[in-house]
Amino acid sequence: EINGVKIATEKTSTVPTIQFDEQRMSGSDGCNRFTGGYVVKAQNIELSKIASTMMACLSASDLPQKFGESLSQVKHYDASNGELKLMDGNKNTILKFSAVK
């Protein structure tokens, strides 16, 4: 979800994803791949040095732009019940991911 709107696409390759390992985060905005750093302190998260590919996407969707704008606002997180919620400075959920099974 982006700002409460569920993302429904026909192809799994166009669904935004995010993955965190011990030092970096990476994923897709639905078109381009991105990577960056992050720091977690309690329920706060700071994303940094986000770099992205710049592919010409053949879609009329503004999904990649909305995802990128939302990602730049992330300040807090909640990971529970098989979901990852990324929230802004007011703790409003702006991105919500479900775990891949």
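What radius of gyration would a compact globule with 101 residues have, and what does the chain have? The globule would be near 13 Å and the chain has 13 Å, so the two agree. Please keep in mind that this is a predicted model.

**Figure 1. The whole chain, with one helix and seven strands.** Starting at the N terminus, you can follow the elements in the order β-β-β-β-α-β-β-β. Along the principal axes, the C-alpha atoms fill a box of roughly 40 × 30 × 25 Å. Among contacts with a separation of 6 or more, 34% join residues 24 or more positions apart.

**Figure 2. Surface and charge of the chain, with an accessible surface of about 7,000 Å².** Carbon and sulfur atoms account for 50% of that surface. Of the 101 residues, 28% count as buried. The chain has 12 positive and 11 negative charges, and their mean positions lie 2 Å apart.

**Figure 3. His76 in strand 5.** The strand covers residues 76-80. His76 has 11% relative accessibility and therefore counts as buried, since buried means under 20%.

**Figure 4. A polar contact between His76 and Asn44.** Here the two side chains meet at 2.6 Å. Asn44 also appears in the list of residues in contact with His76, once neighbours within four places in sequence are left aside. That list includes Gln43 and Ile45 as well.

**Figure 5. Further contacts of His76, among them Lys85 and Leu86.** Look also for Met87, Asp88, Gly89 and Lys91, each in contact with His76.

How values were computed: Residues are numbered from 1 along each chain as its sequence is written. This is a predicted model: local features need pLDDT of at least 70, side-chain atom pairs count only at pLDDT 80 or more; totals for chains, interfaces and linings use all residues. Side-chain values use heavy atoms; hydrogens and water are left out. Helices (H or I, at least four residues) and strands (E, at least two) are DSSP runs, numbered from the N terminus. Buried means under 20% relative accessible area, exposed over 50%, partly exposed in between (1.4 Å probe, protein chains only). A polar contact is a pair of N or O atoms within 3.5 Å; within protein, one must be able to donate a hydrogen and the other to accept it, and residues adjacent in sequence count only if both atoms are side-chain atoms. Contact means heavy atoms within 4.5 Å. The radius of gyration is taken over C-alpha atoms; the globule rule is 2.2 Å times the number of residues to the power 0.38. Accessible areas come from the Shrake-Rupley method with a 1.4 Å probe; for residues, only the protein chains shown count as cover. Lys and Arg count as positive and Asp and Glu as negative; His and the chain ends are not counted. The place of a charge is taken as NZ of Lys, CZ of Arg, CG of Asp or CD of Glu.
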